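Grab a pencil and take a look at the protein below. We'll work through a few exercises on it together.

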Amino acid sequence: MMYTIKDILSLGPLIPVITLEKVEHALPLADALAEGGIKTMEITLRTPAALDAITLLTAERRNMVVGAGTITTVDGFDKVKKAGAQFIISPGVTETLLSAGKQCGVPYIPGTATTSEALLAMQHGFNFLKFFPAEIAGGVPMLKNFSALFGNVKFCPTGGITQNNMNEYLGLPNVMCVGGSWIVPAKTIREKQWGEITRLVKESLDAVEKVKIL
């Protein structure tokens, strides 16, 4: 199934940002996330295992929408597309990356941290953006600024977001979801504590629901 960027960012309030050291961790991790209520995974291209993990996940876990993160080169687009990635995210933005993102045929979410970068992405037709590194780049106040300037742009903030501050972001009208690694700690993955990851996911999603009800 082909998803649009809007579809992907609407699948849930939290997108786990994952660094996998071993391919064999991919499937049990996906199952642990799904059991907790997560429908989307971002696998960062920071380890040798990343591409094989994306290939395995897209083939074996059709209930999960699997994306590739930390794409910084045109070559990276080609590699993750061949691996089967259903969406692509970069930590920053350049003319070259935006052109590659438009041509690759896979939903692409450019990373922005400033008004100039957001304008550049918008000029290339991108209105769904990653805001990174969120906390360092101005956090909630910066996104409130963006909302006044760019009324038709929606963001997925990532970087420094935890369960303690996620609702400050999710409460903003221009934020569709947030990305983070707090629900997938590297040590917990390494030690195969899948039940703990499910617990962290449920705890975080419950916290989101409570705020929405209030």
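Here are four exercises on this predicted model, each with a worked solution.

**Exercise 1. Work out how the open sheet is put together, and find its edge strands.**

Step 1: Start with the strand order. The open sheet has 6 strands, arranged as 5-4-3-2-1-9, and their pairing is parallel.

Step 2: Now look at the two ends of that order. Strand 5 (108–109) and strand 9 (178–180) are the edge strands, as each pairs on one side only.

Step 3: Zoom in on one pair. Strand 2 (residues 40–44) runs parallel to strand 3 (residues 65–69), with 5 bridges between them. Within this pair, Thr-40 sits opposite Val-65 of strand 3.

**Exercise 2. Find the largest cavity and describe its lining.**

Step 1: Search the whole structure for cavities of 30 Å³ or more, and 1 turns up. The largest cavity has a volume of about 40 Å³.

Step 2: List who lines it. You should get Thr-19, Leu-20, Glu-21, His-25, Ala-186, Ile-189 and Arg-190.

Step 3: Sort that lining by class. You end up with 3 nonpolar, 2 polar and 2 charged residues.

**Exercise 3. Two of the lining residues, Glu-21 and Arg-190, deserve another look. Which contact do their side chains make, and which parts of the chain does it link?**

Step 1: Check the side chains. Arg-190 and Glu-21 form a salt bridge, at 3.0 Å from N to O.

Step 2: Place both partners. Arg-190 belongs to helix 9 (residues 186–190), while Glu-21 lies in the loop between strand 1 (14–18) and helix 2 (26–36). They are 169 residues apart, so this pair links distant parts of the chain.

Step 3: Are they buried, exposed or in between? Arg-190 has a relative accessible area of 45%, so it's partly exposed. Glu-21 is partly exposed too, also at 45%.

**Exercise 4. The structure has 6 salt bridges. Compare the positions of the partners in Asp-31 with Arg-61 and in Lys-79 with Asp-75.**

Step 1: Take Asp-31 and Arg-61, whose closest N and O atoms are 2.7 Å apart. Asp-31 is in helix 2 and Arg-61 is in the loop between helix 3 (50–60) and strand 3, 30 residues along the chain from each other.

Step 2: Move on to Lys-79 and Asp-75, with closest N and O atoms 3.1 Å apart. Both are in helix 4 (residues 74–83); because they are 4 residues apart there, about one helical turn separates them.

Step 3: Finish with a network. Glu-196, Arg-199 and Glu-203 are joined into one by salt bridges that share partners.

Note on methods
Residues numbered from 1 in each chain as written. Predicted model: local features only at pLDDT ≥ 70, side-chain atom pairs only at ≥ 80, totals over all residues. Heavy atoms only, no water. 1 Å grid on protein atoms, 1.4 Å probe; cavity = no way out; pocket = protein on both sides within 12 Å on 5 of 7 lines; lining within 4 Å. Points joined across faces, edges and corners; volume = space filled by probe spheres on them. Nonpolar A, V, L, I, M, F, W, Y, C, P; charged D, E, K, R; others polar. Pairing = 2+ DSSP bridges. Helix = DSSP H or I, 4+ residues; strand = E, 2+ residues; numbered from the N terminus. Salt bridge = Lys/Arg side-chain N within 4 Å of Asp/Glu carboxyl O. Buried < 20%, exposed > 50% of the residue type's maximum accessible area, 1.4 Å probe, protein only.
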